[in-house]
Amino acid sequence: MLVKHSFSILVSRFSLFYKFLLYLSIVMLIFAAVSISSMYFIMKPIIQGVQDMQFFEHISQAFRSMFGGNLDIQNSAFAVLGQDFEKISEVFASNRNNVVGAACALVAFLFIGKFLISIGHYPLTDVLNNFMNSNSKYGFTANLIANIKKAIAFSFVDTLIYIPFMLLLGVLVYFMVWGIGKMSILFALCLAVLTIMVLLALKRSVFAMWLPTYVCEELGVFKSLQKAILTNKDLIVKNWGLFTAVNFATYFITILLGILTFGSGFIMAISLFNIFYQSIGLVIYYRRNERKYYIDAETVIDSKHSIKSVY
């Protein structure tokens, strides 16, 4: 029922998809232009060193040798590739300052990118909330301008939580693949993907009511976070299972759309599912607080005394 209602809200306010897609596209284009040019400047000595050893040509030759049928050629091609990896290690070792600078820049760019995208989550949620509360249709851009301070405050704290979480998740997955991959790389990769999906779902479950509480109530960022977690703590496990299933479905569709559209579908799917996830959070909030809400222009759901039935 929760997913059904959230999907109905998404369809009812589908015009938000185009507006948030435009916002997302502008942010990602600016972010890509600045980050790629900066990273290239920092990593230029390393990139030049890799190009000089014809590493990418050797990868292509090794890949083609796998289908050539000649074992000697294949062994020779992969031997050359192995030597290249040793040379690459030497290139990184001789350019440690560039590597450290690139790592710091990467973390900074991740923070900035996440921060800019999350700014759009506040007006997105507020527009959806206005629809659910009174069947009102406010504009995304006008809402962003009117609530820019609140949007920035939420985005900053949200990003401060998100970046360390993703870094820890990355370290966990790295050691998992490094350790289990010695026995079976395929099993290690599958386990890593499962771990990522489950832990991301747990994060969504824990913070599901944070932004809706911040939007709907006159509370600060930290007080709304505290109240959201305390109010929703008994439903975190149920929401965890729900978000795990939704994560698998949405990420699979995102990858599929990206492949079928040669990459352009990625940003469209990201825009669409951002709205969907915000709708889920709002439905959880409304049902937890036993409030009535619109799921389309003619249908009002009375959630009083029906918290459990949402599942």
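Okay, one definition before we start: when I say buried, I mean a residue with under 20% relative accessible area. And keep in mind that this is a predicted model.

With that in hand, let's look at helix α1, residues 2-12. Its buried residues are Leu2, His5, Ser6, Ser8, Ile9 and Leu10. What sits on top of them? The cover includes α6, α12, α13, and both β1 and β2, with β2 at 300-302.

Let me zoom out for a second. The protein chain has 13 helices and two strands. It runs to 311 residues, and 41% of those are buried. If you take the contacts with a separation of 6 or more, 71% are between residues 24 or more positions apart.

Now the core. The largest nonpolar core has 51 residues, and the ones with the most contacts inside it are Met132 and Ile280. As for who supplies it, α13 gives the most, with 12 residues. Apart from that core there's another one, of seven residues, including Leu169, Met176, Ile180 and Leu200.

Let's take those two well-connected residues in turn. Ile280, once you drop residues up to four places away in sequence, touches Leu2, Ser6, Phe243 and Val246. Two of those names, Leu2 and Ser6, you just heard among the buried residues of α1.

Met132 sits in helix α6. How accessible is Met132? Its relative accessible area is 0%, so it counts as buried. Leaving aside neighbours within four places, Met132 is in contact with Ile9, Leu282, Val283, Tyr286, Lys292, Tyr293 and Tyr294. Pick Lys292 out of that list: Met132 and Lys292 are 160 residues apart in sequence, yet their C-alphas are 8.2 Å apart in space.

On to the rings. How many aromatic pairs are there? The structure holds 18. One of them is Phe17 with Tyr18: the centres are 5.2 Å apart and the planes are at 70 degrees, so that's edge-to-face. The two don't share an environment, though: Phe17 is buried at 9% relative accessible area, while Tyr18 is exposed at 51%. Another pair is Tyr285 and Tyr286, with centres 6.0 Å apart and planes at 80 degrees, so that one is edge-to-face as well. Here both partners are buried. There's also an aromatic cluster, made up of Tyr122, Phe154, Phe207, Trp210 and Tyr214.

Some rings have a charge over them too. Arg291 lies over the face of Tyr286, 4.6 Å from the ring centre. So Tyr286 turns up a few times: it's in that edge-to-face pair with Tyr285, and it's one of the contacts of Met132. The other one to show you is Arg204, whose charged end sits over the ring of Tyr277, 3.6 Å from its centre.

Arg204 takes us to the pocket. The largest pocket has a volume of about 1300 Å³. Which residues are closest to its centre? Out of 35 lining residues, they're Lys114, His121, Tyr162, Arg204 and Asn274. The elements giving two or more residues to the lining are α2 (15-52), α5 (96-119), α8 (148-180), α9 (185-206), α10 (210-216), α12 (236-260) and α13. The largest share is eight residues, and α13 provides it. So α13 leads in two places, the lining of the largest pocket and, as I said, the largest core.

Last thing, a bit of backbone geometry for those of you who check Ramachandran plots. Most residues other than glycine have a negative phi. Which residues here go the other way? Asn135 is one, with phi near 60 degrees. Asn135 is in the loop between α6 (121-134) and α7 (140-146), and at 26% relative accessible area it's partly exposed. Glu290 is another, with phi near 55 degrees. Its loop is the one between α13 (264-288) and β1 (292-294), and Glu290 is also partly exposed, at 30%.

If you open the model afterwards, start at Met132 in α6 and follow its contacts out to Ile9 and to Tyr286. Then go to Arg204 over the ring of Tyr277, and on into the largest pocket, where Arg204 is among the residues closest to the centre. That's it from me.

Note on methods:
Residues numbered from 1 in each chain as written. Predicted model: local features only at pLDDT ≥ 70, side-chain atom pairs only at ≥ 80, totals over all residues. Heavy atoms only, no water. Helix = DSSP H or I, 4+ residues; strand = E, 2+ residues; numbered from the N terminus. Buried < 20%, exposed > 50% of the residue type's maximum accessible area, 1.4 Å probe, protein only. Phe/Tyr/Trp six-rings, centres within 6.5 Å; stacked < 30°, edge-to-face > 60°. Lys NZ or Arg CZ within 6 Å of the ring centre and 35° of its normal. Core = buried A, V, L, I, M, F, W, Y, C linked by side-chain atoms within 4.5 Å. Contact = heavy atoms within 4.5 Å. 1 Å grid on protein atoms, 1.4 Å probe; cavity = no way out; pocket = protein on both sides within 12 Å on 5 of 7 lines; lining within 4 Å. Points joined across faces, edges and corners; volume = space filled by probe spheres on them.
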